[in-house]
Structures are given as structure tokens and as C-alpha cells.
Amino acid sequence: MDFKYFDAHTHVQFVAYDPDREETIERAREASVAMNVVGTQQDTSAAAVAFAEKYDHIWASIGLHPIHTSKSYHDTKELGEGGKEFTSRGEVFDKEYYRALGASERVIAIGECGLDYYRLEGDTKDTQHRTFIEQIELANELSKPLMLHIRNAYDDAIALVKAHAKVQGDMHFFAGGWNVARRFLDLGFTLSFTGVLTFTHDYDEIVKNAPLDMILSETDAPYITPVPHRGKRNESAFVPLVVERIAAIRGEAPEHVRTQILKNAKRVFGLA
Ligand SMILES: [Zn+2]
């Protein structure tokens, strides 16, 4: 497929798409958008790989999201309705399981993995650290980039990446300040931006300051729907709106920005 855009982080395997998943995937294809479907635990990672093997505009990332290392978290868009006691199991990272999934040529990154201190309780910090290190080690072993999810934990995350990672990757949904952004860029990590750029100016400085060859576009669908679709479920076909917004913030030609961001994704994820 000759695609024009790359959605570096999307979750079309989540239950939010159960009613119309095939149509959603088809709309992305029609919009010339290729997708990195990102896993968050065992089943969503396996589902991502299954879609990547079925569709030529889909690739997969496999990993254990830091919030799924504890039992407290439940998101109905991801896991469906019902009590969290049935669905959020506090997964222990099973390297064998993910290594086997990672044998697929369609797997382009390990993650989303990282640290999330937003909902921290008890000993989850230690668990998150251990789980993150194991995934960095798997990424090293498979020579695949990391798809990072970091929230309220930038210093610790940078220290763990520096100490353990032999690979680079992408900092998904970057939501820190320019000083933090610069540290990830110095480590060779790209920053990916979502539709949040279409309804807040909070990240304009970073979008302007970052080198264009270190920026990726993503939707993080089903979340963070860009203007003018606010209030609706997000989807990968909307990623051109993020790319347009990046060009507008930087004051650069949209076509130039589009081609460079696509080139960046191909470089980071090793796509032909
Ligand atoms: Zn995500």
C-alpha cells in the first residue's frame, strides 16, 4: 500500500470499535493512512498482531502498559463494560509470551510500555519499574524500537532508558514541557503528537522547537479526538488533521511536513 500518513499509535482492537472495526480500518485505508496498532496487555497485543498480519496498511506494537501492571485500572473503551474485577487482572509481564508474538515481521515496536505515576498505589512503582526494564530488555533482544507511555514519571523513565536501552523509539503522546522533550530528543527518541494540538496551545512550543525529522503523528484513537470531530470517537482516518496542525504551528508547507513525518515513521519503525 502506498500510504501518505502514518498513525504511529492507535488502538483499533479496543472494544470501542466492536460495532464497526472493519469499516474503521477501511476508512483509514481510503484516507491513505497506515496504522501502528498498539497493544496494552497480552490480548490487545495478540489482537494487534492478528490485524497486522491481515492488512497491509497495519503494523503492530506489543507490550504491557504500566497501568495494566496493577489491578486497579478499568477503561470501558478498552476493556468493555463490567466490573474491573472481571477484566483488569494486574498482568505480570511474561517475556516468553511477548517474545513469541514478536517473531512476527509485522511487529514494529515494543510497547506501549513505560511508567505512569498518575494512578499510583502501594508497590505499583516497583512493579512498573521491573516491568518496564523487562520490556526494554526484550526490545534490545529483538532490536525493535520502544513505544513509550510516560506520565508524571519523566525523570525515572529517562534514567531507566539510559541505564538499560540499546534501542531508541518513540515517546507517545508527549505531554511534558520543552525541557523534558529535549532530553528525549537527546536520547534519539522521536516525539509523537495527537489531536490535542487542535484544541490546546500547550504543546505549540515543543512542536515548533523540535527538529522536524524527530516528530511523528498519531491519533491515540479511540481517545483525544481532534477538531472538528470533538465529541465523537477518534479513529486513524483523522490523523491528517494532526499533521496539518503540526504544519500550521511550525509555519511550514503542509506537503513538506507530511512527507517528512511519513519518512520519520518509516525510519523509526524500519518500514520499507
Ligand atoms: Zn495508547
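## Charges over rings

The charged end of Arg151 sits over the ring of Tyr118, 3.6 Å from the ring centre. A second case is Arg230, which lies over the face of Phe199 at 3.8 Å from the centre of that ring. A charge sits over a ring here if NZ of Lys or CZ of Arg is within 6 Å of the ring centre and within 35 degrees of the ring normal.

Before we go on, a word on the model. This is a predicted model, in which local features need pLDDT of at least 70 and side-chain atom pairs count only at pLDDT 80 or more, while totals for chains, interfaces and linings use all residues. Residues are numbered from 1 along each chain as its sequence is written, and side-chain values use heavy atoms, with hydrogens and water left out.

## The largest pocket

Arg151 comes up again in the largest pocket, where the residues closest to the centre are His149, Arg151, His172, Phe173 and Asp220, out of 22 that line the pocket. The space in this pocket is about 450 Å³. A pocket is found on a 1 Å grid over the protein atoms alone: it is an open set of points where a 1.4 Å probe fits, with protein on both sides within 12 Å along at least five of seven lines, and lining residues have an atom within 4 Å of a point. Grid points are joined across faces, edges and corners, and the volume is the space filled by probe spheres set on the points.

Which strands each supply at least two residues of the lining? They are β4 (107-116) and β5 (146-151), and β5 gives the largest share, with 3 residues. Strands (E, at least two residues) and helices (H or I, at least four) are DSSP runs, numbered from the N terminus. By class, the lining holds 9 nonpolar, 6 polar and 7 charged residues. For this count, Ala, Val, Leu, Ile, Met, Phe, Trp, Tyr, Cys and Pro are nonpolar, Asp, Glu, Lys and Arg are charged, and the others, Gly among them, are polar.

## The zinc site

Three residues coordinate the zinc ion at 2.1 Å: His9 (NE2), His11 (NE2) and Glu112 (OE). Donors are N, O and S atoms within 2.8 Å of the metal (3.2 Å for Na, K and Ca), and sites may look incomplete, as water is not among the atoms. Along the sequence the donor residues follow the spacing H-x1-H-x100-E.

Are the two histidines buried or exposed? His9 counts as buried because its relative accessibility is 0%, and His11 is buried too, with a relative accessible area of 2%. Buried means under 20% relative accessible area, exposed over 50%, and partly exposed in between (1.4 Å probe, protein chains only). The third donor, Glu112, is in strand β4 and is joined to Gly111 by a cis peptide bond, with omega about 20°.

## Aromatic pairs

The whole structure has 12 aromatic pairs. Rings of Phe, Tyr and Trp (its six-membered ring) pair if their centres lie within 6.5 Å; planes under 30 degrees apart count as stacked, over 60 as edge-to-face and the rest as tilted. Phe6 and Phe269 form a tilted pair, 5.6 Å centre to centre with 35° between the planes. This pair links distant parts of the chain, with Phe6 in strand β1 (residues 5-10) and Phe269 in helix α11 (residues 254-269), 263 residues apart. Both of these phenylalanines are buried, and ring pairs link them with Phe3 and Trp59 into a cluster.

Tyr154 and Phe174 make another tilted pair, 5.6 Å centre to centre and with 50° between the planes. Tyr154 is in helix α7 (residues 154-164), and Phe174 is 20 residues away in the loop between β6 (169-171) and α8 (178-186). Tyr154 counts as buried because its relative accessibility is 13%, and Phe174 is buried at 1%.

## Backbone details

Most residues other than glycine have a negative phi, and most peptide bonds are trans. Ser32, in the loop between α1 (21-30) and β2 (33-38), has a positive phi near 60°. At a relative accessible area of 18%, Ser32 is buried.

The loop between β8 (215-217) and α10 (239-250) holds Pro222, and the peptide bond from Ala221 to Pro222 is cis, with omega near 15°. Ile224 lies in the loop between β8 and α10 as well, and has a positive phi near 55°. With 21% relative accessibility, Ile224 counts as partly exposed.
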